[in-house]
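Me: I would like a close look at a single part of this structure, the one that sits at its centre as you see it, with enough of the surroundings to place it. Please take your time and connect the details to one another.

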Amino acid sequence: MGMMFALQSQGNLYRKRVQLMETGKRRGLGEEELMVSLSGSQGEGSEEREGGRTIWTIGGGKGGSGKTFIAVNLGICLSRFGDEVVLIDTDLGGANIHTFLGLSYPKRTLSDLINKRVEGIRDVVIETDIPNLGLVVGAQDLLNAANPKDQQKWKLIRHINSLDVDYIILDLGAGSSFNVLDFFLISKNKILVVTPEPTCIENTYRFIKSAFFRKVKKVISHFGVKEIIDKAMDQRNERGIKTPFDIIELAGEIDKSISLRLEHELEIFRPKLIINQVRTKNDVDMGFSMQSAFLKYFGISMDYLGYVVYDDEVWQSIQRRKPLVLEFPQSKASKCINEITLKLILDKPFLFNSEG
Amino acid sequence: MKRIRDQTYYELLEVGRGASTEEIRMAYRREKEIFSSTSMAIYSLLEPEELKRINATIDEAYRVLTDERLRLEYDRMLNGLGEKGFSGEPLRTSASRGVHPVQEEPGGIAFPNGFRFTGASLKGIRESMGIDLKVISKKTKINRQHLEWLEEERFENLPALVYIRGFIMEYARALNLNPHRVVDSYLRSFYQWQNKRKV
């Protein structure tokens, strides 16, 4: 039985790759490039699929870094591969994803789901003009919706997990509150959007740290270790606990199996990084530098997915309320987003090509 | 992944064990850029003290790996080879390979070439200067207990090599001694102890 299952899913994977190849070719990607990337993909993608779905969560802590812009354009690129994609705006205070798609605020939103005016999440998925792309708009009107009760939040997460489509893209609100973090953590494909400016980098580091500590606090039940993690969240704690290494060391003194578990969590956490609004080569390199420094100091590897250049077309598309990849498909920024989409589907990190 | 203090110099510079001097030089430059105080990529990530320590470690990694003899010695340590390479005589390192038979220390004390800086000799130097360990501890911000262990060469109590290196360099500076010369000499005791432990 298990064997059958494995074969079947391998078949699906193969079909998927062939499909990707064809679509990729149609999209003007070199055959060689595709072959290389496909042969390198060991089908991790299939493991990532949670009950048939792949969820991408897009966060980063800082408002205005381009999370929604990236989410919308990635969603469109992804929908062209023929899979059903649903974009969900989880910003429960200031939802605006519809504006990026040139739509007005829809009748049905997440607040209807939270307030039980509808049965399930399917009822709040609205159609867009783009084939295969659905949209769930967050709440704009409800003050209390920005801070849903814990119970409501988990219910919402269960709803999202029950949505039967190929891909779900979650656009997160700003900040590092538990509500934002818990949405971020529902996926194995955790994407961070960062702009090359100190404020954004500061928020990003705080965001990843908080997300990681939140995650491990959920998987570790030992009270003493939980306390140590709490201390780490307060970076100026008197015991000088700062990095996961400190936690692992202290946890190891309590129970070796817990420290091993923590090491494992540290290894698999792997958020993905996109640098947005890139103007210079230095900005591109910053992704590599962040990757290297964060791994060395904090022990968390990040996959550098790629960058999106800053160009006037991005600004124009937002002004016109038309998605960039539709309005300016030939722009440099569009090409960047296409590349990132492909890397995400193939689960391949960013490598410098010879053009550099 | 390991803490920076537990990473080998190769891991720290992200180069292979067989890296050429040129590769090491490039890697060094890259790391120094990433961890420079004005680097945006590490903005808000590190306290100034941590940043200083990391930079000192990167410098040290570069110094050791670009010096043929030091690198050989370091590799031997990593490989955990036996004591064959070592004799009781101290290895003449770049710091002690001067033309003059006697090197003048910044503090004005002259130590003959081949003088061995051990825990005991450092303690002797310190006491002859009339400096209390408390003063060193205050100056170096190194825990007094650690300083005592360094003087007693109680390596089993001390943290990893990179830390011992950093500690001894600070200690040497506090006594106005040439930190590189002292550390190269002192660590020979450490390597010997480490090799013995492996056997």
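Reply: The contact between the two chains is a convenient place to begin, and it draws 14 residues from chain B and 15 residues from chain A. On the side of chain B that touches chain A, these residues divide into 10 nonpolar, two polar and two charged. Everything described here comes from a predicted model, and the part I will follow closely is the sheet of chain A, with chain B taken up again at the end.

Chain A holds 16 helices and eight strands, and 44% of its 356 residues count as buried. Among the contacts in chain A with a separation of 6 or more, 72% are between residues 24 or more positions apart. Eight strands of this chain form an open sheet with mixed pairing, and the order across it is S3-S4-S2-S5-S1-S6-S7-S8. Strand S3 (126-127) and strand S8 (303-309) of chain A are the edge strands, each of them pairing on one side only.

Within that order, strand S5 (residues 167-171) of chain A deserves a slow reading. Five of the five residues of S5(A) are buried, so this strand is largely enclosed by the rest of the structure. The side chains divide between two directions, with A:Tyr167, A:Ile169 and A:Asp171 pointing one way from S5(A) while A:Ile168 and A:Leu170 point the other way, and all of these are buried. On one flank, S1(A) pairs with S5(A) in the parallel sense over five bridges, and in this pairing A:Ile55 stands opposite A:Ile168. On the other flank, strand S2 (residues 85-89) of chain A runs parallel to S5(A) and is joined to it by five bridges, with A:Asp89 having A:Asp171 as its bridge partner.

From S5(A) the view widens to the nonpolar core. The largest such core has 117 residues, and A:Ile58, A:Leu87, A:Ile169, A:Ile247, A:Leu273, A:Ile274 and A:Ala293 are the ones that touch the most other members. Leaving aside its neighbours within four places in sequence, A:Leu87 is in contact with A:Ile169 and A:Asp171, and also with A:Ala71, A:Val72, A:Gly75, A:Ile97, A:Leu133 and A:Leu135.

Further along the sheet, S6(A) and S7(A) run parallel and are joined by four bridges, and there A:Leu192 has A:Leu273 in S7(A) as its bridge partner. Seven of the seven residues of S7(A) are buried, so S7(A), like the strand treated above, is largely enclosed by the rest of the structure. Strand S7 (residues 272-278) of chain A then pairs with S8(A), again in the parallel sense, over six bridges. Two positions help to fix this pairing by eye: A:Lys272 stands opposite A:Asp303 in S8(A), and A:Asn276 stands opposite A:Val308.

Helices cover this stretch of the sheet as well. Helix H16 (residues 332-346) of chain A packs on the sheet and touches S1, S6, S7 and S8 of chain A, its direction making about 160° with that of S8(A). Helix H9 (residues 198-219) of chain A lies across strand S1 (54-59) and strand S6 (189-194) of chain A, and runs at about 160° to S6(A).

Chain B offers a useful contrast to set beside the sheet. The secondary structure of chain B comes to nine helices and two strands, and from the N terminus on its elements run α-α-α-α-β-β-α-α-α-α-α. Of its 199 residues, 30% are buried, and residues 24 or more positions apart account for 57% of the contacts in chain B with a separation of 6 or more.

One helix pair in chain B can be followed residue by residue. Helix H6 (residues 133-140) of chain B and helix H7 (residues 144-152) of chain B have axes that come within 9 Å and cross at roughly 115°, and H6(B) passes H7(B) in a right-handed crossing. In this crossing B:Leu133, B:Lys134, B:Ile136 and B:Ser137 of H6(B) meet B:Arg144, B:Leu147 and B:Glu148 of H7(B). The residues of that contact divide into three nonpolar, one polar and three charged.

How values were computed: Residues are numbered from 1 along each chain as its sequence is written. Chains are lettered from A and ligands numbered from 1 in the order in which they are written. This is a predicted model: local features need pLDDT of at least 70, side-chain atom pairs count only at pLDDT 80 or more; totals for chains, interfaces and linings use all residues. Two residues are in contact if their C-beta atoms, placed from the backbone, lie within 7 Å. Ala, Val, Leu, Ile, Met, Phe, Trp, Tyr, Cys and Pro count as nonpolar, Asp, Glu, Lys and Arg as charged, and the others, Gly among them, as polar. Axes are lines fitted to C-alpha atoms, for helices over the stretch in contact, and angles run from 0 to 180 degrees between N-to-C directions. A crossing is left-handed if the near helix is turned anticlockwise from the far one by less than a right angle, and right-handed if clockwise. Two strands pair if DSSP finds at least two bridges between them. A residue is buried if 20 or more other C-beta atoms lie within 10 Å of its own, exposed if 12 or fewer, and partly exposed in between; C-beta atoms are placed from the backbone. A nonpolar core is a set of buried Ala, Val, Leu, Ile, Met, Phe, Trp, Tyr and Cys residues joined through C-beta atoms within 7 Å.
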